[in-house]
Amino acid sequence: MNGASPSKDARLRYDQVLLIHPLGYSGEIAKYDISRMANIMPPLGLASIAAYLGKNNIDVTIVDCYAKPDSDEFIKDFLKETRPAFIGLSCSSANFYDGIRIANMAKSVLPAAMVVFGGHHVSALKEKIVDAFPIIDFAIIGEGEETMAQLVESNGKGVSSIEGLVYRDSEGIACFTGYRSRINDLDALPFPAYEKLGGYPSAYRLPIFNYPSTPNSSCSSSRGCQYRCSYCDRSVFPDGFRYNSAEYLYEHLLYLKTRFGIRHINFYDDHFTLYIKRVEDFTRLLIDHPIGITFNCAARAEHIDFGLLQQMKAAGCWMISLGIESGDKELLAQHRNNVNLDLVAEKVHLIKKAGIRAKGLMMMGLPGETEQSVKKSMKYIFSLPVDEINISKFVPFPGSQLYENIHDYGTFEEDWEKMDCMHFQFIPKGMTKEELERLFKMFYKKYFLRSKTLLNYVTMLWRSPDSWIRFLCNLPSFVKFAHSDKRLNVPRAHSQN
Ligand code: B12
Ligand code: SF4
């Protein structure tokens with residue numbers, strides 16, 4: 001719909017909502033996507049909104065195109081049969097255009113339905129994106145539960161008083177109603193509606209070699225971050241760390257175990273251990289009343305100590321990821337506060353001493369990156385006893401501080417579809433794309449050819465046998481990826497990438 005606010009259409013079902021997580025490219029080439037093969041995670045935001053709307057007697061259907069790539073026909077049939085008044089799409093930058101494609105397809109089937117976009121991409125770009133894409137009726141900025149519930153209750157009319165929303169006024173101009181106050185009591189939210197994710201949990205798989213057992217899943221237990229790293233898009237959960245209590249979290253895991261048989265959880269919180277007392281209480285509960293579930297989480301070096309790590313291990317902590325990003329402290333200091341690589345090294349040793357696996361998250365191509373800084377990163381990370389590394393290619397996302405002045409630091413090709421951290425879309429001054437690609441490959445190659453790394457993967461035969469099975473089943477694709485470094489290894493006829 002273009003222009004003014006929609007009027008109520010009697011042929012639509014106002015108690016029905018369809019929520020979609022777009023894949024980012026056409027479903028037929030999903031089997032060539034190496035990142036999807038290695039890792040399919042539940043869209044927790046959509047599942048949380050579905051649970052919240054469910055509590056308000058609104059019936060929600062979720063289509064996760066990541067888990068079910070060929071969902072176009074299902075979506076069209078569902079729209080014809082059910083006629084939901086609202087179609088919600090959850091998008092980061094990389095899958096935004098696919099969201100637009102699906103929205104166009106949906107409107108061609110059900111023109112009166114209202115298209116609502118949520119997630120980081122629209123939260124960062126607000127009115128600009130709604131103005132640029134007439135197919136979008138509403139964009140929800142930030143947390144979606146309360147705003148979406150109010151939007152649905154309003155039937156899409158008289159929405160100017162709903163906070164956290166971009167809508168079109170009577171002239172068709174996009175207007176932002178202003179930020180909504182954040183949900184402080186996360187325990188007031190129901191558990192995400194995992195049961196609405198088709199095939200959950202077996203359709204979902206944590207990253208290969210990142211779990212000891214199946215079925216596994218991801219989970220989120222906090223929102224917000226007090227830090228301000230230059231590269232981080234904080235448009236959905238800006239500041240103010242909020243978290244589920246230890247008791248809620250224990251109940252959440254118990255629910256996942258008893259209802260779905262989940263045996264391992266990856267906490268996707270930005271900082272699982274930021275409030276140490278909560279983690280102490282939570283792990284104490286798991287130790288005193290075991291439920292047979294192990295977990296991974298991410299932490300910052302400042303927020304872990306040996307006593308906590310020992311208790312986490314006793315409670316079933318399997319792996320901790322640390323966002324290290326670079327081993328060059330001068331480069332890092334341009335992008336993060338409190339840079340202390342010695343402290344990070346000390347904490348990696350403590351994680352290992354506690355018997356927990358350690359994963360180092362690295363980033364390449366930040367403004368200021370040089371061949372020397374990449375080499376420093378290699379030297380640093382290879383000096384640590386990390387079990388696993390991940391290197392992402394830096395992308396200046398809308399919503400990050402760097403996005404604002406990125407052209408001052410190098411060249412940036414803002415092609416949203418390629419902003420998946422597997423393409424160098426930004427080239428720092430003094431470097432070329434070819435140099436970055438060469439260094440990226442060299443980094444991984446050196447990592448994988450170390451005897452320590454190889455031995456580590458051998459131990460995965462008994463630590464994570466399912467990972468080995470997945471790895472071997474997809475071996476040709478992984479080998480192709482190692483040679484080409486292309487996420488979508490599509491045969492020539494399709495030519496996407
Ligand atoms: C878990 C996670 C992943 C997982 C799973 C993603 C999934 N299946 O949902 C994996 C590892 C697969 C992943 C992949 C990627 N991710 Co990621 N990821 C995250 C992370 C850490 C948590 C997301 C989450 O589950 N949050 C908890 C839920 C409750 O929040 P939420 O999803 O944001 O949903 C809320 C709101 O956004 C809103 N909302 C969301 N969708 C909708 C839809 C509607 C209709 C409405 C009304 C509201 C709404 O309401 C929800 C509830 O309040 C965030 C960082 C963060 N702290 O948010 C990064 C983050 C989202 N990822 C990011 C990126 C860059 C990526 C990748 C491109 C690259 C990469 N290697 O990480 C890929 C692309 C994936 C894709 N589909 O396009 C960026 C996005 C930046 C951007 N502008 O695009 C983030 C913000 C990290 C960052 N700070 O830079 N990611
Ligand atoms: S990268 Fe991590 S520490 Fe930095 S702002 Fe983002 S969530 Fe916070």
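## Strand pairing and the β-α-β unit

Two strands count as paired if DSSP finds at least two bridges between them. In this predicted model, strand E14 (residues 357–364) and strand E15 (residues 388–393) run parallel and are joined by six bridges. Within this pairing, Met362 has Ile391 of E15 as its bridge partner. Helix H12 (residues 371–382) belongs to the arrangement as well: E14, H12 and E15 make a right-handed β-α-β unit.

The side chains of E15 alternate along the strand. Ile389, Ile391 and Lys393 point to one face and are buried, while Glu388, Asn390 and Ser392 point to the other face and are not buried. Ile391, the bridge partner of Met362, is thus on the buried face of E15.

## Helix H9

Helix H9 spans residues 306–315, and its buried residues are Leu308, Leu309, Met312 and Ala315. Seen down the helix axis, these buried residues fall within an arc of 125°, so they line one face of H9. They pack against three elements: helix H8 (276–288), strand E13 (317–325) and helix H11 (341–353). Just after H9 comes Gly316, which takes a positive phi of about 115°.

## Nonpolar cores

In soluble globular proteins, nonpolar side chains tend to be buried together. In this model, the largest nonpolar core holds 64 residues, and Ile87 and Ala139 are the members that touch the most others. The element that gives the most to this core is helix H2 (residues 44–55), with six residues.

What is Ile87 in contact with, leaving aside its neighbours within four places in sequence? The contacts are Leu18, Ile20, Ala103, Ala106, Ala113, Val115 and Val116. There is also a second, separate core of 61 residues, which includes Cys317, Met362, Val374 and Met422. Met362 therefore has two roles in this description: it is the bridge partner of Ile391 in E15, and it is a member of the second core, a set of buried nonpolar residues joined through C-beta atoms within 7 Å.

## Surroundings of ligand 1

There are 41 residues around ligand 1, and those that come nearest are Gly45, Gly88, Ser90, Gly118 and Gly144. Several elements each supply at least two residues of this shell: H2, strand E3 (84–90), strand E4 (114–118), helix H5 (120–132) and helix H6. Of these, H2 gives the most, with five residues. H2 is also the element that gives the most to the largest nonpolar core.

## Backbone features in loops

The loop between strand E7 (174–176) and strand E8 (216–219) contains Pro201, and a cis peptide bond with omega of about 5° joins Tyr200 to this proline. Pro215 lies in the loop between E7 and E8 too. The peptide bond from Thr214 to Pro215 is cis, with omega near -10°. Phe209 is found in this loop as well, and its phi is near 65°, a positive value in a residue other than glycine.

Is Phe209 buried or exposed? Phe209 has 21 other C-beta atoms within 10 Å, and a residue is buried if 20 or more lie within that distance, so Phe209 is buried. Asn155, in the loop between helix H6 (145–153) and strand E6 (165–168), likewise is a residue other than glycine with a positive phi, near 55°. Asn155 has 18 other C-beta atoms within 10 Å and is therefore partly exposed.

Technical notes
Residues numbered from 1 in each chain as written. Chains lettered and ligands numbered in written order. Predicted model: local features only at pLDDT ≥ 70, side-chain atom pairs only at ≥ 80, totals over all residues. Helix = DSSP H or I, 4+ residues; strand = E, 2+ residues; numbered from the N terminus. Buried ≥ 20, exposed ≤ 12 C-beta atoms within 10 Å, placed from the backbone. Right-handed = clockwise from strand over helix to strand, strands pointing away. Arc of directions from axis to C-beta. Contact = placed C-beta atoms within 7 Å. Near = placed C-beta within 6 Å.
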